[in-house]
Every structure is written in C-alpha cells, then in structure tokens.
Amino acid sequence: MGDILYLILALVLIVVLAAGGLLVGLRRRGRPGADVSSVDAAGVDEALPTVEPEAEAAPVLERPEPVQGRLVRLRARLAGSQSTLGRGLLSLLSRDRVDDDTWQEIEDTLLTSDLGVEPTQELVGRLRAQVRVEGVGSDARARAILRDELIAMLDPDLDRALHLRRTDAKPGVALVVGVNGSGKTTTVAKIARVLVAEDSDVVLGAADTFRAAAVDQLKTWGDRVGVHTVRGAEGGDPASVAYDAVQTGIEREADAVLIDTAGRLHTKTGLMDELGKVKRVVEKLARVGEVLLVLDATTGQNGLQQARVFAEVVDVTGIALTKLDGTAKGGIVVAVQRELGVPVKLVGLGEGADDLAPFEPEAFVDALLGESSLT
Amino acid sequence: MFATLQDRLETTFKSLRGKGRLSESDIDATCREIRIALLEADVALPVVKQFIAAVKERAAGAEVSGALNPAQQVIKIVNEELISILGGETRRLRFASKPPTVILLAGLQGSGKTTLAAKLARWLQEQGHTPMLVAADLQRPNAVNQLQVVGEQAEVTVYAPEPGNGVGDSVAVARGGVEEARRTLHDVVVVDTAGRLGVDAEMMQQAADIRDAVSPDETLFVVDAMIGQDAVTTAHAFLDGVGFDGVVLTKLDGDARGGAALSVAHVTGRQVMFASSGEMLTDFDVFHPDRMASRILGMGDMLTLIERAEKTFDAEEAAKTAAKLQGKEGDFTLDDFLQQMQTMRKMGSLSKIFGMLPGMAEMRDQIESIDEKEIDRVGAIIQSMTPSERDDPKIIDGSRRARIARGSGVEVSEVNGLVDRFFEARKMMVAMAKGGGMPGMSGGMPGMPGGMPGMGKRAKARQAPKKGRTKRRSGNPAKRAQQEAAAKQAEQSTPPGAAFGFGGDSADAEEAADFELPKEMRDLMGK
C-alpha cells in the first residue's frame, strides 16, 4: 500500500492544482460547522498555560492596581532580564571605532533576541547609515540613535488601545486566542483586572471547554475581583459558551465581555475552524471588538507563522506578549507587527496578578536601554 | 513561508554551475546562506557559529565530487553534520538494575510535561513495563487532576496523594511515589514536576530537591519545539540546576522548524530521545535525527507528508480511485473528485502540504495566493449537481448550468470553469496514472506499467513495506536528492520504466537536484 500513497499524493497535487486555479478569489471567511475532533482530544490537549494564579483565596474583593504607568513600574524587571539586549547594543555602539566586527556583534545581539534575520539586517543597515552620516561621538548620541531606531522598529503609530467600550448598548467583546501553553487564561484574567481597575463591568466567558482546569482557573480569578464568569459543560461546544457569555453581558449591561478559548496549534485545521465558528457565533450578538493573540515571549520564528494563521481565521487585532520576565526577549513581535500590521497591545511581565501592562513603545525601549534615558 | 536552504543555495550557486571545486569565496557565500537558514529555523546563534565553522572546515577540505554539484556537496556536508550533532543513533532509556526505574520530567512552564508523562507511561506500557505516574506538580491549579485524567486514559496507575493547587510538599510526594511503586511492584516511575523558569532559583532548588530525594535513573528535559533563541539559556539553566540525561521535544505537530533540538543537543551534549507530536496519547515516538535534520533545513518533509497521507487516506478508497483512473476515462467522476478534495482538506492547509514538498520554491508565490476557501466553493458547486450530472458532467447543458449556479450561489461562468477544469485535470490524471511522468508518484502500483520514474532507489525500498514494515525512516536527503534527480530525469522524457535502471548507485543518481512540476501542471496552475 505504500505505493498507493504515491498515487494519492499525485492526486492530491493535481486536485490542489486544479482546485486552486479554478475560481478566482472571492470572499474569504465562513466555513460552517466544522468543529470536529474537539471531544475526543479533550483532556489530552494540554500543554497548558502555566503562569500560576496565586494560591491565596481572598474573600474580600481585590482592588487591582491602576493601569497608568504600569510599564514604568515594571521597568526594572524588564531592564533586569534584558540587559544583554539594550545595554549590550549601547555599549557596542558607543565604542570609539565601530568597525565591521562590532557591527557583526550588534547583529548577533539582535539575532539572539529572536528578532529574525530580515528585521535584524534592516535595523543594522539603518544604524550603519546613521552612524556613517552623523558619527557617534558620545554615549548620549549613540543612545539617541539607537532609541530612535528601536522605536521606529516598533512602529509607535499603531493603535494600541483596547477597544472594549460599550457601544450601541452592547458590551465590547474580546476573544483571546493562542497556541497551547502560551498563557491565555491567565491573560484573560489579567485583562479583566485591568478593566475592573478602570471601573468597567466585565463578564468572563470560559470557552476553554477542552482543558479540565481552565474553567475553574478562570472562575477563581474572576471571583477575586467580583467578576461574573459564564461557564459551560466540559467538552461542550465552545461557541455556545461564548454566545451565552455575550448574552449574559448584554443582559447585565456589562461594558465588556472577555472570552477565553482553548489553546490550539495553528496547524490543526479542525480546531482552527472551530475557532472561526466561535467568532462567527458571537458576532450574531455583538461585534467582536478585539481578537487578542497570546504569544509566548520564548517563541522563536514560528511565532510569525502562528500569527499569520490565526490572523487568517479570526482577524487578530492585537497581540499580548506573555512571559517576558524570563530571559526571553520576544523579538518575534517585531516581525509579526511588520508582516501583519498587528500591534502588540499588552505585555505580561510576571506572575503577579497585576503584571500585565499596556505596551508603550517609547517606555519599552527606554526600559531596554536602561535608566537615565530621554536624551 | 521562508525559502528553504536548498532554494537559497541553488540561487547562490547558479553562476557556479559546472565548477568542480568550491573556492573560498563560494564557501563564504554559502555559509552566509546556511547561517540565515539555521537562524530562521530557530537554532541558537552560538550553535550556528560553531556549526558554520565546522562546515567551513569540512567544505574547504572536501574532495571534489564528480557526482555532486557544489550546492549539493555543501548540503550533504551540512546534513551530515546536523545528524551527527543530533545524535546518529537514538539513545535508549536506561533501566535500573533493581526496579523501580525512576524517570523525572523537568521543563519550562507550558512545555507539555504533564501530557508527556502520560504519553511516556503509555509507551512504556506498550514495551511491556508496568509504569506508574507520580503527580509532583503541586503548583499549577489542577495539574494533579489533569494527570489523573490522562493517566486514566492511558490506563496507568497514578499516585496522587496531594490535591495540589499550591499546597503540599512535592518532594515528599515524589519520595512517596517511589516507595509506593516498590510496594506495588511497578517497575517504572514517571515523576511529573511543576514547570519552572530557568531564572527562578527557588523553583530550580525544588526540582533539585526532588531529584535528590528520588535519585532518578533518567532525568528528561521537556522542551517545546517552538522555542526560539532562548533555548540555550534555558537548557543551561536546567542542566546546572537539575541536570538532565536526555531531551524530549514536544509540539512537533506544529510547523516550527525545531532548531531548538539542535541547540539543546549541541550545547548540553545530551541527546534528544523522544518526540511528541500530537494531542493523542499515541502521538509519541523515539526521535529520528535524520528527519529532524531535514526539517531544520526546511528541505521539505516528504516523510511527514506521507505519514500524514497514510493517516488521512483510506487505503481501500485510494485503491479504488487508482483503479478508476486506470480504467476508462469516464470512470473518475466529479464525486470522486470531490471526495479527494475533502480528504485532502483534512491533511491541513494547501500551502502547508505544498511546503512539505521539496523544491517548490519557484511556485511559492502562486501557492500562497491560493484561497483555501475556494475548495469549499468547488465543493458547493459539485454538491449542487444531481447524481447523474456528477457521474457524467458532459450532460450539463445551459439550463442545468444555470440551476447549479443558483444552487451553489456562484456565477454560471464558475460552473463552466469547474467543468472544463475537471475534464482537463481528469485527462491529466488518467494520463499520469497510466504512463508515469508525474514525479513523486507512480509505478510499482499494481498493474501500473512503467516502474517508478519518480522513485529510483526508494522504489525498491518501498516494496518492503508491503510485507509489513510500516514506517520508512529514510530521511536522508542524499536519497531524497536521488529521488528528485530521478524525477527530473523522468520528466525529461525518460521512457517509463527506465528509471528503474538507476538508483542502486547513489553517486550517479545524485546528479541533478531540481524537482519540477511537469509543464502541463504548471500551465494548469497558471490559468
């Protein structure tokens, strides 16, 4: 039968070619009812978001910290873990003579932050041009050049606000998606805390009906800040849970509804279809204002592929970069931003409940380059 | 989708074709490309550097090979180096002379330890052992629960005296687990621990404490195939913190190139022992260094594609389809066409399937521009036809067309297009099924004349599986190159059957390396 396979492959090829050429592209989305394979894989699927909620169960409602300036507050953590990137670059650039070897080192430093080959080469090219034209001269000058270029890489003009306001008497809806183990559930909980801190009424939808602990995990988080969590049966249809959550949000006149989904590898067509369905079903009730892709900061170049596929299926509007407090640098988001135009909106900088910060390019770069900035 | 190393090198060497020996500048240019390819595959930079140095040395001293062009020569070297780092032979688990054998799992958060524990246990059970799982991850909420659930699915005993969720002493649990296993005569104990960051000293200490308490025979480091440059730092942290004897690569079912495997193996000198590639408990196997090498180089992954096709396609159905194609031209109907399309759909996105075929670089843009949803639309059109129309599309006249178009919500012209294309495609398929000329597929088929133009040596190897061997392990690109060479040759009008003649001797089979689609297929694509 091994031989037959070759025939099949050939057929596949031909069929693909034939089908591919058949019709010229029209609408893109909308494949109904393909939520297969979810049930039989239930409970096995887990590579698990792992950032832990703290164990203490506070009976009194917690008051999350205000959002303003979180990134600045977390700067130390960022600068501490990423000193190699920012300071390394800076010390290289402010050498008396920047020769080819130094440029090579600069390139290496950027590469080790998962920035990717192309963005790295481009950045190095631009830095080189700048230095050649203007010269470096002083530390302050080097810092200014580096700061400008890094900020330019991060494209500060992108809209990074979370669009989760109540509009047309309907709550703003956010869908949180990502691969297994990236930290979706925790991120949903942390966003809820951010919103609560801003005096929004929030409803959580635990549409991760896949993983045993996910629903309880989310509920625990919700209870701590007095947020209602809508849950469904384990192994149930995630789209129906999401629908219920939005329905509940509308009835309660909530400001925002956050929907947690099960982790899925972007290569699983069936599961991606299921995700598309969740979004379509929710859209019957209210517009989905935000689709946040949760990316683990340790992810390498595959992050781009993930983002591309998720964007195709559910139109990702923003990225939440998690686990940035390890040694990882999350350089892949630069590539993702450039390629797909999807901005990083949130960064997760620790396991604490309020360690999720809005992403601000300037503050972020300043943190990378260490203190005493703003030349 | 990034260009593969092979494509890159082919471009670099275009001007050099015919040159016998690699000059130093050639090697430098090549190394640059290899460097980029490896970095894009997430191989850590320090590893890339050392690797390149090694390749350079070998390439400079390499014998001039009459059979290989420079690009192939370099690729061959690169591939061999890769395989040697990844470990030529996969190491087997060491079992304790006095049971129970203790296996400790450690890794980052979210790398997939708990799931892996169950998979490993299941695998051990298949090998005739009686494993027991110990739930020593008391940190993550419901990790204990999860282990119990997956343990049940794997039908393995789970030792979980503590409910977890942040309370309890995992060291005591681990120790208790080993005692329990000794008492209940389980011969292998798999200890699942909490995920931890390499920089978290406290958690690393805990892992070390567990290690000291149970003195494991094997400590396995579980690492996510998607991890980037951080792999080196993490691997070092774990090696210093807990120490490990082997590596397990998880989430290989994604499309990450998995350069991390190379980084970790190179930096720590520990071998990758197992690979986990799916959500089912059975998606677990020993690691194949040769396949991983091809994957890292992005050289197309025919083996994976074949395996996936094997899983997706029903052999009987396939045989039936094959028979139809070899029969009268009208035997292959729109229904069959639809069925093929739908089955293929299950294999994943089209661009991914194409990505697995080697040497598709030329067509990459076209592939990218294929709209996957068009398949659904074609499906809709076919489903709007009556059974008799599907059996014989020739009867579709103007009014039938209008009806079909209305039924499937498309323009009449699209229905026309589909019918025309179907005839064209069918003609081609029949021609190929009968006479070969399609690279990659072919002969050896029962009743199919013409041997296997696309296969060369592999064709012979392929006869064996029929008699029971189910997995083909040859990921060796030298062989693949051969295959491609054969394909090319076949395309250049080698009469069917002749291809069987070569292939035994690897040197002369490796002459050419471009895999190209036959012209008619490219035309079809272009339309």
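I take axes as lines fitted to C-alpha atoms, for helices over the stretch in contact, with angles running from 0 to 180 degrees between N-to-C directions. I needed that for a helix-on-sheet angle further down. The model is a predicted one.

**Entry 1: chain A overall**

I started with confidence. The mean pLDDT of chain A is 75, and 74% of its residues reach 70 or more. Two stretches I'm treating with caution: pLDDT stays under 50 over residues 1–9 of chain A, and again over residues 16–59 of that chain. The model still gives residues 1–9 of chain A 35 contacts beyond four places in sequence, and residues 16–59 get 135 such contacts.

Next I looked at the make-up. I count 14 helices and eight strands in chain A. Of its 375 residues, 65% are buried. The accessible surface of chain A is about 13000 Å², with 50% of that belonging to carbon and sulfur atoms. Among contacts in chain A with a separation of 6 or more, 79% join residues 24 or more positions apart.

**Entry 2: the sheet in chain A**

I traced the strand order. Eight strands of chain A make an open sheet, S3-S2-S4-S1-S5-S6-S7-S8, with mixed pairing. Why do strands S3 and S8 of chain A each have one side without a neighbour in the sheet? S3 (228–231) and S8 (356–358) stand at the edges and have a single partner strand each, so one side of each stays free of a neighbour in the sheet. On average, neighbouring strands here are turned by 25 degrees against each other, direction ignored.

Then I zoomed in on one pair. S2 (residues 202–207) and S4 (residues 256–261) of chain A run parallel, held in register by six bridges. One of the bridge partnerships joins A:Ala207 to A:Thr261 in S4(A).

I also checked what packs over the sheet. Helix H8 (residues 184–197) of chain A lies across S1 (172–178), S2, S4, S5 (288–296), S6 (318–322), S7 (344–348) and S8 of that chain. Relative to S4(A), helix H8 runs at about 170 degrees.

**Entry 3: A:Thr261**

I stayed with this residue, which sits in strand S4 of chain A. Is A:Thr261 buried or exposed? Its relative accessible area is 1%, and the cut-off for buried is under 20%, so A:Thr261 counts as buried. A polar atom of its side chain lies 2.6 Å from the backbone oxygen of A:Val176. A:Val176 also turns up in the contact list of A:Thr261, beyond four places in sequence, along with A:Leu175, A:Val177, A:Lys184, A:Ala207, A:Asp208 and A:Leu275. I note that A:Ala207 in that list is the bridge partner from Entry 2.

**Entry 4: chain B**

I went through the sheet of chain B too. Eight strands form an open sheet there, ordered S3-S2-S4-S1-S5-S6-S7-S8, and the pairing is mixed. Its edge strands are S3 (157–159) and S8 (284–286) of chain B, each pairing on one side only. The twist from one strand to the next averages 25 degrees.

For the S2/S4 pair, I found S2 (residues 131–136) and S4 (residues 188–193) of chain B in parallel pairing over six bridges. Here I picked out B:Val134, whose bridge partner in S4(B) is B:Val191.

Last, I looked at helix H9 (residues 231–241) of chain B. Which of its residues are buried? They are B:Ala231, B:Val232, B:Thr234, B:Ala235, B:Ala237 and B:Phe238. Just after H9(B) comes B:Gly243, with a positive phi of about 80 degrees.

Technical notes: Residues are numbered from 1 along each chain as its sequence is written. Chains are lettered from A and ligands numbered from 1 in the order in which they are written. Side-chain values use heavy atoms; hydrogens and water are left out. Buried means under 20% relative accessible area, exposed over 50%, partly exposed in between (1.4 Å probe, protein chains only). Helices (H or I, at least four residues) and strands (E, at least two) are DSSP runs, numbered from the N terminus. Contact means heavy atoms within 4.5 Å. Accessible areas come from the Shrake-Rupley method with a 1.4 Å probe; for residues, only the protein chains shown count as cover. pLDDT is the predictor's confidence in each residue, from 0 to 100. Two strands pair if DSSP finds at least two bridges between them. A polar contact is a pair of N or O atoms within 3.5 Å; within protein, one must be able to donate a hydrogen and the other to accept it, and residues adjacent in sequence count only if both atoms are side-chain atoms.
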